[in-house]
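Reader: I am a first-year student, and I would like a close look at one part of this model. Please go slowly, and explain each term where it comes up.

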Amino acid sequence: MSTHHYRVLDRANGALDAAAALDFVSDPGFGGITMFVGKVRELNHGRQVVGVSYDIFEPLALVRFAAIAAETEKAIGQPVKLWIAHARGRLGIGDIAVVVAAGSKHRDEAFRACRMAIEAVKHTAPIWKQEHFSDGDSVWSEGCSLCEGHQPR
Amino acid sequence: MQADVQLFGALRGLEPGDRLLLEITGHTVADARKALMAHAGEHWPAAAAAILPACAFASSSMLLRDAMALPEDGGLVVLPPVNGG
């Protein structure tokens, strides 16, 4: 059975399931379980946000999620279960955009694995965010270039 | 050669169906970047064309660096700067 799980879920087909993520990374041998849940918030740079649309190049995103999980487990140097899932499509305020969960023997490894994985998802996965504002304007957020020589911010 | 180029993120809406057939002189990703820059300069708003230097190129399974050969299947994806989560 795989110890890593990756998914891109269209919002129209359902919501990301944080409880399922916790179940997946739980293990009788693991005492540390951590999770990051990213939600859509109502304010950004002082502007009222009414929703966010996520665009994802799914084939490469899933390849990237798998690589992130493998790289994270290697860096931690201990067995780690990881769940990485990201929503696609139009989300409302409070909707879950991303879930990363990690399970390991101890809290330090679990915290580090979760942080490492979510940062890598944010900075290296082919995902784009467009914010929709209350005045009707929509703006693609600035991001991290994946070009050679660019360092993740 | 001709490449079937897919556009994402801030580049959506610039071409019908978010893709274009791009005629490329040469066989490397750098050649594709040059051809797309030329196309953008003629057909896209300046603000959209200005994003291209920060865009990466990819196949469906990997990032493609400028010195690499273009995919044999002719598929090419343009990735603007990313910001998931």
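Author: A nonpolar core is a set of buried Ala, Val, Leu, Ile, Met, Phe, Trp, Tyr and Cys residues joined through C-beta atoms within 7 Å, where buried means that 20 or more other C-beta atoms, placed from the backbone, lie within 10 Å of a residue's own. The largest nonpolar core here has 62 residues, and those that touch the most other members are A:Ile84, A:Val100, A:Ala117, B:Val78 and B:Leu79. To this core, helix α3 of chain A gives the most, with 8 residues, and α3(A) is the part to look at closely.

The model is a predicted one, in which local features need pLDDT (the predictor's confidence in each residue, from 0 to 100) of at least 70 and side-chain atom pairs count only at pLDDT 80 or more, while totals for chains, interfaces and linings use all residues. Residues are numbered from 1 along each chain as its sequence is written, with chains lettered from A and ligands numbered from 1 in the order in which they are written. The model scores ipTM 0.95 and pTM 0.95, and in chain B the mean pLDDT is 96, with 100% of the residues reaching 70 or more.

Helix α3(A) covers residues 107–124, 18 residues in all, and from its first C-alpha to its last it reaches 25 Å, close to the 26 Å expected at 1.5 Å a residue; that expected span is 1.5 Å times one less than the number of residues. Helices (H or I, at least four residues) and strands (E, at least two) are DSSP runs, numbered from the N terminus.

Among the buried residues of α3(A) are A:Ala110, A:Ala113, A:Cys114, A:Ala117, A:Ile118 and A:Val121, and the list also includes A:Glu109, A:Lys122 and A:His123. Within chain A, the buried residues of this helix pack against β2 (32–39), α2 (58–76), β5 (81–92) and β6 (96–104). A:Ala117 shows this in detail: leaving aside its neighbours within four places in sequence, A:Ala117 is in contact (C-beta atoms within 7 Å) with A:Ile68, A:Ala69, A:Thr72, A:Leu82, A:Ile84, A:Val100 and A:Ala102.

Beyond its own chain, the setting of α3(A) includes a partner, for 26 residues of chain A are in contact with 20 residues of chain B. On the side of chain A that touches chain B, the elements that give two or more residues are α2, β6, α3 and β7 (127–133), and by class this side has 16 nonpolar, 5 polar and 5 charged residues.

Conventions:
Buried ≥ 20, exposed ≤ 12 C-beta atoms within 10 Å, placed from the backbone. Contact = placed C-beta atoms within 7 Å. Nonpolar A, V, L, I, M, F, W, Y, C, P; charged D, E, K, R; others polar.
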